[in-house]
Amino acid sequence: MAIVNITTANTFNEWRIGTNELGSQLGDVSSLVDNNATTTFTGLTGINANDFVGTAATFTVTNTAGTYSVAVTQAGTGYADSDTVTIKGSSLGGVDTTNDATITVTGQTGGNIDTATISGTPAATIASEFKLVQDFVETTQTLNTTATTLADAINEHESDLGTMSLTTTGTNVTAAINELDAKQGNDTLDTASSTLTGAINEHESDIGNMSLNTTANDLTAAINELKVTADDAQAEIGGDMADDYDGDDTNIITALNNLFAASSVSTLNTEYVRRDGVGDLTGLLTLDDLGISSGSDNMLIKTGASDVTRITVSASNGNVGVGKAPGTYKFDVQGSANATTLRYSGEDTDTRYLRAGGGAGGITAISVGLDLQGANTISGDLTIGSELVFDADGYTFSEWSQDLVGAMFTGNTESGGIGAVYDDSTGKITMTIANNAHSHTVSNISDFTEEVQDTVGAMISGNTESGISVTYDDTGGKLNFNVADPTISLTGPVTGSATMTNLGNVSIATTLTADPTITLTGAVTGTATMTNLGNVSIATTATADPTLTLDGDVSGTATLTNLGDATLTVTIADDSHNHTTANIDNFTENVQDIVGDMVNPTNTESGISVTYDDTAGKLNFDVNDPTITLTGAVTGTATMTNLGSISIATTAATATVLNVYNVSGTRVFP
């Protein structure tokens, strides 16, 4: 808002302009203005302490009669009691630093502000400033008008004075009126009007608007000057007609009027052919028998004495020459002839001849070589060579052009999966490229090896692995397999423990205890106590069936029921552009070689051997065959082939018979 300064030293006009500016800025201010205006500022976040960690709170600050108050709009997070937030003065309608407000947290719950106080010096409000103006113009001033307020007093004077522009030396209305009164004096007006303005208007109506071409500077002197001039003129020309006048008029006015009537245009035009060409010649123009001649029998119309060839009509045969002497032609022109229409034997040449320069022409069959330039219209059939290009029945040049180009796509041979068909009804050629219409070689597929490696690598990222860890080395492009290192623990009458590293051979040092309990865990659970190392049967219970899930570009799931065989249905995601493997040269071999290279001898394998048979295109996985050896109170040994079930023939220190059953409940040994 611009600043409007109104002082007691201002003139009345400055007061009027200033109050108008102030009114346009304030708008409609009704009733009295008290210094208790309220200004509200919303959505303020302010500046938190440097060590503050959390979400900034939002506040609403109100300036009421020069005092700040605050309300918490959003409680924020991370606040403690006595924390402060600074709101800059420029955000509160004032000046930074001078009118800054400081908000202090006085209560919070879990870092969320509940209550707060505010301090600071607000900027002065327009209400308090306008109150000073109101006090000056109403309370302490006395108006010498019938009005009791400044606005009404101004309106009263405006009505009395009207709208005027003073061109006097006076600086106020009273001085200007006195100045005009001194200039006009106490004159008596000889008019019907009793006021100066009315008298001037009365004379204006009587006199009208005129411009005086006299030396006089007022109307009376000008009229007297003209009278003297008229008297002198009358004496100079005489009151009566001169003796040498042959007319019947007795005074100059009558003579002048008769002369004017005789010499008027209307009179002379009926008697004479005017040299300036105005007026029409009626009747015939009769020439001498020899015509208008330059000395011969021919009729010559010329523009000067030396011009003998402008237009000549031969006296012997009537031939006309323009710009030259008449020749053997009826009409002979030296130079260019210009005409709207040319006719030959009564027929328009535009309808008789084909115009080489363009424009309308006749219907003419052209069978000879012709170089046509400009715009030409052919309304009949047009044949070029043996080809009909246009006919009057509707076969157009555009149709001929379309058929000519369309024939280039009809009956031709297309390859590479592209097809083209000409539609004669629309004049369009439709071209298509079939999907999977062309083959792709592996060498032409960018980053094919890396993409295959990353695709296979993604198959083992986020998947489910049991008993083995499979990782993808993106840098080396290798798959690394690491089987789990199980710990075999014997509990019950015989105890012992050993870790099978990389499915290698393991020996368990056993210790015989009393009445051991045999517990099976894992995919099959069960427990039984071997009393006095006697025979024991274990009732087994299968645990939850594992589920194998694939995700990523390849998805599928299958459940291994009772650890039996399962069929995994795999779905490969369609990634926008389809290619069948039949259209990728050597796809199978390249994939086999890439994957085979990922398990070549430079990769890392633990407890398993993975080889690639390039001839058969197969990956062969062969886990180590560990040998399990029992030592101590019970001895025995057996080799676990392909991680299959084994039976260990044990020898105990006593003659006790130990029956070991497989998970199906059938005794395996002894």
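Q: Buried means under 20% relative accessible area, exposed over 50%, and partly exposed in between (1.4 Å probe, protein chains only). What share of the chain's residues counts as buried?
A: This is a predicted model, where local features need pLDDT of at least 70, side-chain atom pairs count only at pLDDT 80 or more, and totals for chains, interfaces and linings use all residues. Residues are numbered from 1 along each chain as its sequence is written, and side-chain values use heavy atoms, leaving out hydrogens and water. For the 670 residues of the chain, the buried share is 20%.

Q: How many helices and strands does the chain have?
A: Both are DSSP runs numbered from the N terminus: helices are H or I with at least four residues, strands are E with at least two. On that basis, the chain has 12 helices, and its strands number 37.

Q: At what angle do helix 11 and helix 12 pack?
A: Helix 11 covers residues 448–459 and helix 12 covers residues 587–598. Their axes (lines fitted to C-alpha atoms over the stretch in contact, with angles from 0 to 180 degrees between N-to-C directions) lie 10 Å apart. The packing angle is about 65 degrees.

Q: What kinds of residues make the contact of helix 11 with helix 12?
A: Contact means heavy atoms within 4.5 Å. From helix 11 come Phe-448, Thr-449, Val-452, Gln-453 and Val-456, which meet Phe-587, Asn-590, Val-591, Ile-594, Val-595 and Met-598 of helix 12. Ala, Val, Leu, Ile, Met, Phe, Trp, Tyr, Cys and Pro count as nonpolar, Asp, Glu, Lys and Arg as charged, and the others, Gly among them, as polar. The tally is no charged, 3 polar and 8 nonpolar.

Q: Which residues of strand 4 point to the buried face?
A: Strand 4 spans residues 84–87, and its side chains alternate. Thr-84 and Thr-86 point to one face and are not buried. On the other face, the buried side chains are those of Val-85 and Ile-87.

Q: Which residue of strand 5 stands opposite Ile-87?
A: Two strands pair if DSSP finds at least two bridges between them. Strand 4 and strand 5 (residues 101–109) pair in the antiparallel sense, over 4 bridges. Opposite Ile-87 in strand 5 is Ala-101.

Q: Which strands stand at the edges of the open sheet 23-24-25?
A: This sheet has 3 strands with antiparallel pairing. 4 bridges join strand 23 to strand 24 (residues 524–529), and here Thr-519 stands opposite Thr-527. An edge strand has a single partner strand, so one side is left without a neighbour in the sheet; that holds for strand 23 (517–520) and strand 25 (541–542).

Q: Which residue of strand 19 stands opposite Thr-471?
A: Another open sheet of 3 strands has the order 18-19-30 and mixed pairing. Its edge strands are strand 18 (468–473) and strand 30 (605–606). 6 bridges join strand 18 to strand 19 (residues 478–483), and the two run antiparallel. Across from Thr-471 in strand 19 is Asn-480.

Q: Why does Ala-616 count as partly exposed?
A: Ala-616 sits in the loop between strand 31 (608–613) and strand 32 (618–623). Its C-alpha atom is 9.7 Å from that of Gln-592, 24 residues away along the chain. Ala-616 counts as partly exposed because its relative accessibility is 43%.

Q: How far apart in space are Asp-597 and Leu-479?
A: Asp-597 is found in helix 12 and counts as partly exposed, because its relative accessibility is 41%. In sequence, Asp-597 and Leu-479 are 118 residues apart. C-alpha to C-alpha, their separation is 9.5 Å.
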